[in-house]
Amino acid sequence: MAHQRTAGLCGGRYKPLAEDGIQAIHQTSLRVLAEVGVRVSLPSARDLFRQAGADVDEASGIVKAPSELVMELIGQAPSRVKLCGRAENGDLDCDVGGTRVYMGTGGTALNVQESGSTDRRPARLADVIHMARLVEKLDNIHFYMLNVYPNDLPVEKVDVNRFAAGLNYTRKHVMGGVYTIEGVRSVAKMAAMIAGSSEALRQRPFISMVACVISPFVIDEKYGELAIEAARTGIPVVVPSEPLCGATAPITLAGNLVVWTVDTLAGAMLTQLVSPGAPILAGCVASITDMRNLKYLSGAVEMGLLNAAAAQMAQFYKLPVYTTAGMSDSKVNDVQAGYESAITSVLVALAGGNWVHDAAGFLEFCLTASYDKLVIDNEVLGMVMRAVSGIEVSEETLSFDLIKATGPGGHFVSGRHLRKHMRRELYSPTLSDREDRQAWAEAGAKDAWTRASEYVRGILNEPAEQTVPPQVRRRIVEEIPGINPSIFHEEDANLSS
């Protein structure tokens with residue numbers, strides 16, 4: 001499924017917030033940070049805030065930060081973060097910031113839906129490998145966020161084995177949530193082995209981590225420790241929050257955005273207190289709840305609106321931003337899965353959401369990762385990124401000389417101009433059917449889901465290509481506690497899910 005590279009195109013044409021709306025959310029968020037505060041459950045984190053000049057109430061754990069301190073700390077974070085791949089020519093690197101857009105998978109689903117199936121089963125470590133192999137082949141999926149939780153592993157072995165599986169089967173940037181301090185340290189050590197040294201990893205970070213803030217306004221002890229540890233390693237870290245309209249945030253989208261802004265700024269401030277200049281991404285996973293039962297919804301158009309607006313807020317603060325789009329609440333790859341995924345992805349991408357995660361492969365309220373949907377969404381994302389690229393207007397593309405030479409009644413179906421521009425001007429789908437009915441019928445009358453399933457099986461039936469050199473794989477197995485050696489065994493990687 002090869003196309004012209006779509007990663008890093010600049011969005012920003014869609015703006016759900018007016019300038020006065022951005023200012024109002026900003027000012028209200030500063031008031032919340034100064035007057036309401038954030039509960040910081042980790043004593044060492046409270047100490048960092050106190051030393052910086054915040055007002056800390058030890059009895060309640062509430063930290064209140066004056067506006068000047070907030071903006072000073074946020075100003076220390078870099079406005080661009082390089083999230084690298086491991087292609088020798090740098091083609092898989094992602095320069096994250098501004099309005100540049102990258103689309104990828106997300107995490108962490110507890111279940112998978114196998115190719116051609118409508119059912120689900122618990123995810124396993126083998127699925128991390130198989131998903132990585134697919135992502136490696138899908139050009140419009142720009143990064144691999146570890147998208148499933150391996151239920152066959154104890155929690156203390158999850159971090160290092162998920163990252164090892166991802167790194168060994170794709171050269172694209174690998175991002176993942178982390179669960180234990182030892183896991184963070186082991187992942188950093190393993191990545192440094194692959195990079196050649198810790199300094200080489202800092203210079204070209206091909207992994208990044210996610211440590212959450214809990215909405216509304218809580219930095220808990222566990223995630224506070226994880227954020228601090230990740231910031232100390234120098235590995236880029238995302239500080240996301242997930243305010244839900246009507247549950248952990250007001251029902252209004254503007255109120256939700258205030259909660260999100262406070263949460264993510266608080267997490268960003270903590271990382272800068274630990275390590276000034278630490279590479280971070282503000283992170284938005286905001287959505288709404290179903291008012292009938294307060295259930296989280298992942299395919300709502302409001303999720304697209306909220307994350308598009310979060311991209312604008314991040315651009316205002318000059319922070320790179322990790323946003324969310326592309327999921328569906330459908331249980332199968334039906335028309336609902338198509339329209340829900342497409343609508344949120346196009347909104348967030350057009351707004352310039354930098355690192356759009358969850359944009360490929362998710363069904364059922366983010367509970368299930370679908371092999372087939374990875375392939376279907378790759379096609380959706382190709383179209384989304386074509387929309388992001390916009391319409392180029394220049395003397396060459398206006399085509400006056402060609403129009404004049406052709407004249408009334410002429411045609412434009414041949415010639416140098418068409419050959420020069422057709423491949424970059426028009427998106428050419430690889431999964432969609434554009435044949436006439438007879439040709440479609442003669443090819444088996446297959447729908448897009450069937451064609452996607454065939455593609456999945458074709459890729460996973462090929463020999464697995466490992467991307468970590470053999471000598472490094474041996475070191476990892478020998479020196480990293482808890483590693484499952486099967487990750488590096490080709491015969492195991494080729495096992496079906």
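This is a short walk through a predicted model, stop by stop, with something to select at each one.

**Stop 1: the nine-stranded sheet**

Start by colouring strands S1, S7, S20, S19, S16, S14, S12, S11 and S10. Those 9 strands, in that order, make an open sheet with mixed pairing. At its edges sit S1 (9-10) and S10, each of which pairs on one side only.

Now zoom in on the S10 end. S10 (residues 144-145) runs parallel to S11, and 2 bridges hold the pair together. Pick Tyr144 and you'll find its bridge partner, Val174, in S11. On the next strand over, S12 (residues 207-210), S11 has another parallel pairing, this time with 4 bridges. Val174 turns up again here, standing opposite Ile207 of S12.

While you're on S11, show the side chains of residues 174-177. Which way does each residue point? Val174 and Gly176 go one way, Met175 and Gly177 go the other, and all of them are buried. That fits the usual pattern: in a regular strand, side chains alternate between the two faces of the sheet.

Before leaving this sheet, select helix H11 (residues 335-350). H11 lies across S7 (100-103), S19 (321-324) and S20 (355-357), and makes about 150° with S7.

**Stop 2: the three-stranded sheet**

Next, select S15, S17 and S18. In that order, these 3 strands form an open sheet, again with mixed pairing. S15 (244-245) and S18 (295-297) are the edge strands, each pairing on one side only. Helix H10 (residues 301-317) packs on this sheet and touches S15, S17 and S18, with its direction at about 155° to that of S17.

For the S15 side, look at S17 (residues 287-290): S15 and S17 pair in the parallel sense over 2 bridges. Leu244 is a handy pick here, with Ser287 in S17 as its bridge partner.

Then slide along to Leu294, in the loop between S17 and S18. Check the backbone: phi is positive at about 60°, though Leu294 isn't a glycine. That's worth a click because most residues other than glycine have a negative phi.

**Stop 3: the largest pocket**

Switch on a surface and go to the largest pocket, which holds about 630 Å³ of space. Its lining has 26 residues, and the ones closest to the centre are Gly107, Thr108, Cys212, Tyr223 and Glu242. By type, the lining splits into 17 nonpolar, 7 polar and 2 charged residues.

Stay on Gly107 and Thr108 for a moment. What kind of peptide bond joins Gly107 and Thr108? It's a cis bond, with omega about 10°. Thr108 belongs to the loop between S7 and S8 (111-113).

There's another cis bond to visit, from Ser215 to Pro216, with omega near -5°. Find Pro216 in the loop between S12 and S13 (218-219).

**Stop 4: the cavities**

How many cavities of 30 Å³ or more does the structure hold? There are 2.

The largest cavity has about 60 Å³ of space. To frame it, select Leu33, Val38, Val40, Phe49, Val63, Lys64, Ala65, Ala266 and Met269. S2 (38-40), S4 (62-64) and helix H9 (253-274) are the elements giving two or more residues to that lining. The lining is 8 nonpolar, no polar and 1 charged.

The second largest cavity comes in at about 40 Å³. Its lining is Ala211, Cys212, Val213, Ile219, Tyr223, Ala227, Val239, Gly267 and Leu270. Helices H8 (221-233) and H9 each supply at least two of those residues. Here the split is 8 nonpolar, 1 polar and no charged. Cys212 and Tyr223 may ring a bell: both are in this lining and both are listed among the residues closest to the centre of the largest pocket.

**Stop 5: two single residues**

Jump to Glu364, in the loop between S21 (362-363) and S22 (368-370). Its phi is near 60°, a positive value in a non-glycine residue. Is Glu364 buried or exposed? Glu364 counts as buried because its relative accessible area is 14%, under the 20% cut-off.

Finish at Met422, in helix H15 (residues 416-425). With 33% relative accessibility, Met422 counts as partly exposed. For a last distance, pick His130 as well: the C-alpha atoms of Met422 and His130 are 34 Å apart, with their positions 292 residues apart in sequence.

Conventions
Residues are numbered from 1 along each chain as its sequence is written. This is a predicted model: local features need pLDDT of at least 70, side-chain atom pairs count only at pLDDT 80 or more; totals for chains, interfaces and linings use all residues. Side-chain values use heavy atoms; hydrogens and water are left out. On a 1 Å grid over the protein atoms alone, a cavity is a set of points where a 1.4 Å probe fits but cannot get out, and a pocket is an open set with protein on both sides within 12 Å along at least five of seven lines; lining residues have an atom within 4 Å of a point. Grid points are joined across faces, edges and corners, and a volume is the space filled by probe spheres set on the points. Ala, Val, Leu, Ile, Met, Phe, Trp, Tyr, Cys and Pro count as nonpolar, Asp, Glu, Lys and Arg as charged, and the others, Gly among them, as polar. Two strands pair if DSSP finds at least two bridges between them. Contact means heavy atoms within 4.5 Å. Axes are lines fitted to C-alpha atoms, for helices over the stretch in contact, and angles run from 0 to 180 degrees between N-to-C directions. Buried means under 20% relative accessible area, exposed over 50%, partly exposed in between (1.4 Å probe, protein chains only).
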